[in-house]
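Reader: Got a minute to walk me through this one? I'd like to talk helices and sheet.

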Amino acid sequence: MRILGIDPGLQTTGFGLVDMDGHALRYVASGTISTRSVSQGELPARLKVIFDGIGEIVARYKPDAAAVEIVFVNVNPQSTLLLGQARGACLTALVTNALPVAEYTALQMKQAVAGHGRAAKAQVQEMVRRLLQLPGVPGSDAADALGIAITHAHVGSSMARLGQAAVLARSTSGMYRKGRTR
């Protein structure tokens, strides 16, 4: 399964792709989509750059699933709203391309990748490098996006197993109701 991870940002959106084969993860690609060439006052144009960039990545690498970092509430409400719009452009591009989308917080990603939710950026970058056996440390936005993809690879497979167990439990639990005989 090929997973696309996205770390949304209005100026820089990170992306990272990993292939998951059983428990093994393999690096495919990573990078950033930058809107710095567009004037800060042109929000719709910047959102289009993000939307189109995600669409190009999906067309080129053909992921099977996507995972996006959930926006945290910032001290500056205007920044939070702008980041939410960038995130919306990412989500819209993904669902437009018929991809299933999972969402994880930065805390969940840091927990899955570095072992604790308060990991520093440098710790996340180094753990991503180690987990994917990269020759060098990826940039922070790409590392976060790869971390989101890694999180989905680990959590997604666990959730699928839990879902299968829940289906099994539902199908067998009815056998033991009062008054029902086999």
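Author: Sure. One term up front: angles under 35 degrees count as roughly parallel, over 145 as roughly antiparallel, 65 to 115 as roughly perpendicular, and the rest as oblique. Also, this is a predicted model.

Reader: OK. At roughly what angle do helix 3 and helix 4 cross?

Author: Roughly 50°. Helix 3 covers residues 106-114 and helix 4 covers residues 121-131. Their axes come within 9 Å. Helix 3 and helix 4 are therefore oblique to each other.

Reader: Is that crossing left-handed or right-handed?

Author: Left-handed.

Reader: Which residues in helix 3 and helix 4 meet?

Author: From helix 3, Met109, Lys110, Val113 and Ala114. They meet Val124, Met127, Val128 and Leu131 in helix 4.

Reader: How many residues of that contact are nonpolar, polar or charged?

Author: Seven are nonpolar and one is charged. No polar residues take part.

Reader: Switching to the sheet. What is the strand order?

Author: The order is 3-2-1-4-5. It is an open sheet of five strands, and the pairing is mixed.

Reader: Which are the edge strands?

Author: Strand 3 (24-34) and strand 5 (101-104). Each pairs on one side only.

Reader: And what does the twist average from one strand to the next?

Author: The average is 20°.

Reader: Back to strand 3. How many bridges join strand 2 to strand 3?

Author: There are 10 bridges. Strand 2 spans residues 12-21, and strands 2 and 3 run antiparallel.

Reader: What stands opposite Thr13?

Author: Ile33, in strand 3.

Terms used: Residues numbered from 1 in each chain as written. Predicted model: local features only at pLDDT ≥ 70, side-chain atom pairs only at ≥ 80, totals over all residues. Heavy atoms only, no water. Axes fitted to C-alpha atoms, helices over the stretch in contact; angles between N-to-C directions. Helix = DSSP H or I, 4+ residues; strand = E, 2+ residues; numbered from the N terminus. Left-handed = near helix turned anticlockwise from the far one by under 90°. Contact = heavy atoms within 4.5 Å. Nonpolar A, V, L, I, M, F, W, Y, C, P; charged D, E, K, R; others polar. Pairing = 2+ DSSP bridges.
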